[in-house]
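Let's take a walk through this fold, starting from one helix and working outwards. Keep the viewer open and follow along.

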Amino acid sequence: MLKDKKIKILNFLQDFGCARLNQLQILFDDTNNNFKNILDSNMVSKKGDIFVHNTKMISEKMLIALDILCKYKSRLSKFYLGYEPVIITFLTKDNLMYHIIVADEENKKGVVKLVNSYPLSLPKVDKLILAFPDSKEIDNIKCEIPFLYTTYPDYEIINS
């Protein structure tokens with residue numbers, strides 16, 4: 001692997017904290033790479049198929065958000081870490097900005113309340129991608145902007 005690419009991957013893991021092998025393969029267009037050579041830097045460790053930066057912890061929400069981001073890979077222009085509750089913000093090639101928000105059992109009511117108070121609560125965006133553990137909250141969302149509601153871990157899209 002080229003040194004520049006290795007540095008990009010290490011910087012990505014430092015920013016995002018963790019990623020699965022298949023997510024790295026998709027996001028860095030390298031499906032045949034096992035990325036083992038980033039482990040020799042002593043900045044990254046591997047737990048199962050998850051690479052984690054040594055200054056971070058494995059975040060299930062981040063792994064879910066990265067799964068969603070990978071589904072948009074062909075349309076990505078750029079992406080970056082968001083601010084809670086936004087996990088990742090990305091821009092598409094057609095200049096649409098998306099926020100990926102992942103809710104879990106503990107915070108799903110709070111996420112619904114926050115989304116419903118848009119634009120006061122979140123930075124301006126064209127569309128939200130909301131990932132919830134189930135479909136129970138969709139009827140409670142009364143958001144001004146378009147949103148895609150998906151459930152995980154199966155990533156079933158409830159609306160679009």
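Start with helix α3, which has 12 residues and reaches 17 Å from its first C-alpha to its last, close to the 16 Å expected at 1.5 Å a residue. That expected span is 1.5 Å times one less than the number of residues. Helices (H or I, at least four residues) and strands (E, at least two) are DSSP runs here, numbered from the N terminus. A word on ground rules: residues are numbered from 1 along each chain as its sequence is written. The model is a predicted one, where local features need pLDDT of at least 70, side-chain atom pairs count only at pLDDT 80 or more, and totals for chains, interfaces and linings use all residues, while side-chain values use heavy atoms, with hydrogens and water left out.

Back to α3: 10 of its 12 residues are buried, so the helix is largely enclosed by the rest of the structure. Buried means under 20% relative accessible area, with exposed over 50% and partly exposed in between (1.4 Å probe, protein chains only). The buried set runs K61, M62, L63, I64, A65, L66, D67, I68, L69 and C70.

What encloses it? Look at the sheet of 6 strands, which is open, has mixed pairing and follows the order β4-β5-β6-β7-β8-β9. The edges belong to β4 (76-81) and β9 (156-159), each with a single partner strand, so one side of each is left without a neighbour in the sheet. Pairing here takes at least two DSSP bridges between two strands. On average, neighbouring strands of this sheet are turned by 25° against each other, direction ignored. Helix α3 lies across β4, β5, β6, β7 and β8, running at about 15° to β5. Angles like this run from 0 to 180 degrees between N-to-C directions, with axes fitted to C-alpha atoms, for helices over the stretch in contact. Helix α4 (residues 108-116) packs on this sheet too, touching β6 and β7, and its direction makes about 165° with that of β7.

There is also an open sheet of 3 strands, ordered β1-β3-β2 with antiparallel pairing. Its edge strands, β1 and β2 (44-47), each pair on one side only. β2 and β3 are joined over 4 antiparallel bridges, and K47 stands opposite I50 in β3. α3 packs on this sheet as well, touching β1 and β3, at about 50° to the direction of β1.

Now for the inside. The largest nonpolar core has 38 residues, and F12, L66, I88 and I100 have the most contacts within it. Such a core is a set of buried Ala, Val, Leu, Ile, Met, Phe, Trp, Tyr and Cys residues joined through side-chain atoms within 4.5 Å. α3 gives the most to this core, with 8 residues. A second, separate core of 18 residues includes A103, V112, F132 and I138. Click on I100 and, leaving aside residues up to four places away in sequence, you'll find that it touches A65, I68, L69, P85, V86, I87, I88, F90 and I129; contact means heavy atoms within 4.5 Å.

Finish at T150 in strand β8 (residues 147-151). At 3% relative accessibility, T150 counts as buried, and its side chain reaches the backbone oxygen of E156 at 3.1 Å. Next along, T151 stands opposite E156 in β9, and β8 and β9 pair in the antiparallel sense over 3 bridges.

How values were computed: Polar contact = N/O pair within 3.5 Å; in protein donor to acceptor, adjacent residues only side chain to side chain.
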